[in-house]
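Thanks, everyone, for making the time. I would like to walk through one structure this morning, and I will ask you to keep the sequence and the model in view while I talk.

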Amino acid sequence: MTHGSQWVTVQEIAAPGKWSLNGGPFGSKLVSKDYVTEGVPVIRGANLPFDSRFLQEEFVFVSPEKAQSLIAHSAKRGDVVFTQRGTLGQVGLIPDDSKHGLYIISQSQMKLTVNEIKADPEWIYYYFRQPAVIEQLIGLQSSSGVPHINLATLREYRLPLPPLPTQRKIAAILSAYDDLIENNTRRVRVLEQMARGAVPRVVRGVPLPRPRAGAVGRGRGRQKAAGVGVGDCWRCCLGSPWPLVQERKPCRDWRNAIHQPQVY
């Protein structure tokens, strides 16, 4: 446990307010006939992929009037969203630059508006993305019917909360890795599109343009974020659940830099 950490429940880090920690609408409050072609987006499991923070595509929508009637089940930028039933373990963070300012969560989701005086929303997101924490939550699921976690289970879940500056430092480091991965993923998609477009030209015998020297795959530039070099490996020999801030040692393979935190 990091020095200065304290045990808290999720309820204790929720922002003041009536619906800062809430689940989706019940039963007939939101059904497929309520969906329209545009309006206020509804967050579903498809928007909480395991390989990114939040997918801003594949939305269904409800009218602004319907959204107003479901305002208790709304979410906004900076909120952490959990899957309550179905594919348990899905967690998302609505980015500050999201395409929409207001969302409605579906019947299968829960949302947490974090009290930012106590906790950093990005740190909370990364904490609940840990495989060991996901396993814990799945172990708390109801055994009857479709796998699901009650809102009360999330409300009473206890976690070790480091001091706020430590949370922000950890979140900045992990976010730097995420940004690097997302940038490389986008580059791969672009190269795949270029390759697919080149096949017809090759078949027709049309010469392809020569790639610029060093355009792709050249150099060993180091990404920097929050003062951290991605080429550096942060290892821990002090038994902390958050090794990234304990001891900095160079490592030839930065892919081994992130070590799973312990779960208490």
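I will go through the sheet, then one helix, and then the salt bridges.

Before anything else, please bear in mind that what you are looking at is a predicted model.

Let me begin with the sheet, which is open and has 5 strands in the order β3-β5-β4-β9-β6, with mixed pairing. The edges are formed by β3, at 35-36, and by β6, at 74-75, each of which pairs on one side only. Within that sheet, β4, residues 40-43, runs antiparallel to β5, residues 60-62, and the two are joined over 3 bridges; if you want a place to look, Val40 stands opposite Val62 in β5.

Now to helix α2, residues 121-128. This helix is largely enclosed by the rest of the structure, because 7 of its 8 residues are buried. The buried ones are Pro121, Trp123, Ile124, Tyr125, Tyr126, Tyr127 and Phe128. At the N-terminal end of α2, Asp120 acts as a cap, with a side-chain oxygen placed 3.1 Å from the backbone nitrogen of Glu122.

That brings me to the salt bridges, of which the model has 6. One of them is between the side chains of Lys66 and Asp34, at 3.8 Å from N to O. Since Lys66 belongs to helix α1, residues 64-69, and Asp34 to the loop between β2 and β3, this pair ties together parts that are 32 residues apart in sequence. As for their surroundings, Lys66 is partly exposed, at a relative accessible area of 21%, whereas Asp34, at 17%, counts as buried.

Which residues does Arg53 share a network of salt bridges with? Let me take the individual contacts before I answer. Asp178 forms a salt bridge with Arg53, in which the closest N and O atoms are 3.9 Å apart; here Asp178 sits in helix α5, residues 164-204, and Arg53 in the loop between β4 and β5, 125 residues apart. Arg53 itself counts as buried, because its relative accessibility is 15% and the cut-off for that label is under 20%. The side chain of Arg53 also meets that of Asp179 in a salt bridge, at 2.9 Å from N to O, and this pair again links helix α5 to the loop between β4 and β5, across 126 residues. Asp179 is partly exposed, with a relative accessible area of 35%. To answer the question, then, salt bridges with shared partners join Arg53 with Glu122, Asp178 and Asp179 in one network.

Methods: Residues numbered from 1 in each chain as written. Predicted model: local features only at pLDDT ≥ 70, side-chain atom pairs only at ≥ 80, totals over all residues. Heavy atoms only, no water. Pairing = 2+ DSSP bridges. Helix = DSSP H or I, 4+ residues; strand = E, 2+ residues; numbered from the N terminus. Buried < 20%, exposed > 50% of the residue type's maximum accessible area, 1.4 Å probe, protein only. Polar contact = N/O pair within 3.5 Å; in protein donor to acceptor, adjacent residues only side chain to side chain. Salt bridge = Lys/Arg side-chain N within 4 Å of Asp/Glu carboxyl O.
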